Each structure stands twice: as C-alpha cells, then as structure tokens.
Amino acid sequence: MTAAGQPTAVAAAAGPAPARPHRELSIVEAFRSRLSGSVGPIDPADLHPRDARSDAALEAAWRRTGRRAGLETFAATVFSALRGAYDDKYGRWDEVNDLRDLYPTTWSAPIRDRLPRVGVRSALGVGVNDAREVRMLVPDPRVELHLVDVSTRALSAAGTHLHDYDAVRCTNSTFEGWDGPAGAFDLFFALRTVNSTSVDVGEFVRKSRRMVRPGGTLVYSVPNGYVCDEAPGGEVHGMYDPDSGRFDEQRPTALADQVRRILVASGCERPEVVAGPAEIFVLAQASSEEGTAP
C-alpha cells in the first residue's frame with residue numbers, strides 16, 4: 001500500500017543544544033510491549049520481531065505458540081506490533097544518535113564514485129528511513145523508485161522528501177514478506193537495514209540478489225557508531241547488540257563481512273567492503289548466474 005501524509009515540523013529550541021548521551025530504543029522491547037494483552041494467552045516474550053518478517057515465519061510462530069488464535073488474526077496482530085515498533089524508532093530522522101549528523105557531507109563519500117550513474121532505470125530501496133539518502137544513491141528523478149519499509153511514518157516522510165521524483169512506489173511491508181518482481185531492478189540499496197532486529201541476514205541478502213538484473217548493483221551498509229556527547233570526540237564506534245544487551249565494537253565489521261560472504265556465495269561479482277566515517281558499506285555486482293549461499 002502507498003503511505004501518504006505530511007511530517008510534523010518541530011521548532012528548534014533556543015540556546016545551546018543539550019548533551020546527547022547514547023540511547024537505544026529496543027525494537028524487541030517496543031514490539032513486545034505493543035503485543036502485551038493483544039495475543040490472548042500467548043506470552044509476548046515467546047515472540048521475536050523476526051517472527052513477523054514473512055508469512056512463513058508468522059505461520060511457524062503461530063504453530064510454535066500453540067495456535068491459540070486464528071492464523072489470520074495472529075499474523076495481523078504480530079505484524080501490526082512490528083510496524084508500530086519501527087514507527088516509534090525509525091519514523092523520523094534520528095538526530096540524537098545518528099552519526100551521519102556529525103558528517104553531513106562526507107558520510108557517503110567512500111561510495112559516491114562507485115555507484116552507477118548511467119543505465120539505472122529502476123531502483124529498489126529497503127529500510128529507507130525518511131529517504132534523505134535516496135537522493136545520493138539515485139540522483140536522477142526519472143528513475144522508477146520502489147521503496148519498502150515496515151514503518152508507515154518513514155514511508156510518509158519519504159514521499160515528502162521525494163516529491164519531485166517522477167515515479168515513487170511505497171510499500172508497507174518487511175522485505176522478506178514483500179512479493180516484488182524478481183530480476184526487475186538495476187540497483188538495490190539497503191542502508192542500515194541488515195542490522196535490524198527483525199532481519200534474517202541470509203534470507204534478506206539472498207532475496208535482494210534475486211531482485212536485481214544481471215549486471216545490476218547492490219549496496220548495503222551497517223552503522224558503525226553513534227553520536228554520544230559523553231564519549232571522547234562526541235562519538236562512539238561499534239553497535240548495540242540486542243541479544244547480549246551490550247555495545248560491541250566488532251559487530252559492524254563482522255556483519256559487513258557476513259553480507260559480503262553471502263553475496264559471493266549468491267553469485268555476485270566484485271564484492272567490496274568500504275569503511276566510511278559513520279558506516280561500513282558493502283557493494284557488489286550481480287552476475288548472470290546465481291550461486292548457493294550458506
């Protein structure tokens with residue numbers, strides 16, 4: 001479905017900006033909080049955001065939790081909780097923690113010259129936040145854009161930011177659950193998405209490869225830090241690990257390498273991992289033959 005609407009403007013407060021300590025809104029906690037009392041006798045702790053990533057995952061969760069409600073009702077309730085959690089966390093540009101706020105003109109510099117500038121007729125973006133980065137990735141407003149995001153608020157903001165693009169199609173869905181046309185896109189991009197709590201990295205990357213035409217380009221990124229005024233230099237590098245509840249300095253590098261390995265196994269060529277000041281990028285080109293990823 002296509003999201004529409006206007007974001008609410010927030011006036012800037014006068015005086016010096018307050019300190020910005022690191023904070024992390026947990027998708028798991030927000031998801032389970034929204035489920036509380038809405039799935040009957042099922043304990044929300046028995047469900048994880050990844051359970052809502054696709055119809056198959058929802059059905060498996062429904063069976064695992066005892067089929068205590070109809071599958072259709074269960075699936076709608078669980079996906080609604082996931083959508084609400086992502087609306088809370090990603091429905092606006094996060095100027096509190098987003099490290100790109102410190103590098104507004106240079107955060108994407110490492111990949112600008114590596115992106116295709118000609119021959120791109122259609123592009124698919126997943127997890128688009130409010131789409132400010134789309135103009136860097138797809139500067140030609142004539143390109144047919146397909147944007148997929150769990151957050152309806154993010155899609156609404158994307159429609160506003162891309163008002164001058166000729167063809168923007170927004171779909172409120174998880175990528176794994178999206179029934180899009182395989183082999184239809186010249187460019188696929190998912191910035192700061194494979195690290196999301198609800199994503200199965202292998203499933204996500206393999207599907208993205210299938211969406212791209214032979215010779216097409218795939219671009220991913222993993223955030224590599226946060227704004228934190230309490231830290232030296234006003235920033236910390238690493239990533240919050242939702243499973244351990246700790247800050248892991250090595251997790252971004254490990255996740256980027258996992259994406260690279262899956263792309264290679266899926267038949268992609270020229271895989272490249274490029275570090276920027278705010279995130280680690282992974283780029284590859286789809287070959288004519290598809291491999292078998294682990």
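Five bridges join strand β1 (residues 122-126) to strand β2 (residues 144-149), and the two run parallel. This is a predicted model, so let's walk through it piece by piece, starting with that pair of strands. Overall, the protein has eight helices and eleven strands, and 50% of its 294 residues count as buried.

**Strand β1 and its neighbours**

- On one side, glycine 125 of β1 has leucine 147 in β2 as its bridge partner, while serine 122 stands opposite glutamate 144, also in β2.
- β1 has another parallel partner too: three bridges join it to strand β4 (residues 185-191).
- In that pairing, leucine 124 is matched with phenylalanine 188 of β4.
- β1 is mostly covered, with five of its five residues buried.
- Look at which way the side chains go: Ser122, Leu124 and Val126 point one way, Ala123 and Gly125 point the other way, and all of them are buried.

**The whole sheet**

- Zoom out and you'll find an open sheet of seven strands, in the order β3-β2-β1-β4-β5-β11-β10, with mixed pairing.
- The edges are β3 and β10, each of which pairs on one side only.
- On average, neighbouring strands here are turned by 15° against each other, ignoring direction.
- Helix α7 packs on this sheet, where it touches β1, β4, β5 (212-223), β10 and β11 (279-286).
- The direction of α7 makes about 145° with that of β5.
- Helix α8 lies across β5, β10 and β11, and it runs at about 0° to β11.
- For contacts between residues at least 6 apart in sequence, 68% join residues at least 24 apart.

**Two helices that meet**

- To describe two packed helices, you give the angle between their axes and the distance between the axes.
- For α7 (residues 201-211) and α8 (residues 251-265), the angle is about 45° and the axes are 10 Å apart.
- That angle is why the two helices, α7 and α8, count as oblique to each other.
- Their crossing is right-handed.
- Who touches whom? Val201, Gly202, Val205 and Arg206 come from α7, and they meet Leu255, Gln258, Val259, Ile262 and Leu263 from α8.

**Asparagine 172, tucked into an edge strand**

- Asparagine 172 lies in strand β3 (residues 167-172), which is one of the edge strands of the sheet.
- Is asparagine 172 buried or exposed? With a relative accessible area of 11%, asparagine 172 is buried, because the cut-off for buried is under 20%.
- Its side chain reaches the backbone oxygen of valine 150 at 2.7 Å.
- A polar atom of that same asparagine 172 side chain lies 3.1 Å from the backbone oxygen of aspartate 149.

**Two arginines with a positive phi**

- Most residues other than glycine have a negative phi, which makes the next two worth a look.
- Arginine 192 has a phi near 60°, a positive value in a residue other than glycine.
- You'll find arginine 192 in the loop between β4 and α7, and it counts as buried because its relative accessibility is 16%.
- Arginine 270 has a positive phi as well, about 50°, although it is not a glycine.
- Arginine 270 sits in strand β10 (residues 268-275), and at 60% relative accessibility it counts as exposed.

Terms used
Residues numbered from 1 in each chain as written. Predicted model: local features only at pLDDT ≥ 70, side-chain atom pairs only at ≥ 80, totals over all residues. Heavy atoms only, no water. Helix = DSSP H or I, 4+ residues; strand = E, 2+ residues; numbered from the N terminus. Buried < 20%, exposed > 50% of the residue type's maximum accessible area, 1.4 Å probe, protein only. Polar contact = N/O pair within 3.5 Å; in protein donor to acceptor, adjacent residues only side chain to side chain. Pairing = 2+ DSSP bridges. Axes fitted to C-alpha atoms, helices over the stretch in contact; angles between N-to-C directions. Parallel < 35°, antiparallel > 145°, perpendicular 65-115°, else oblique. Left-handed = near helix turned anticlockwise from the far one by under 90°. Contact = heavy atoms within 4.5 Å.
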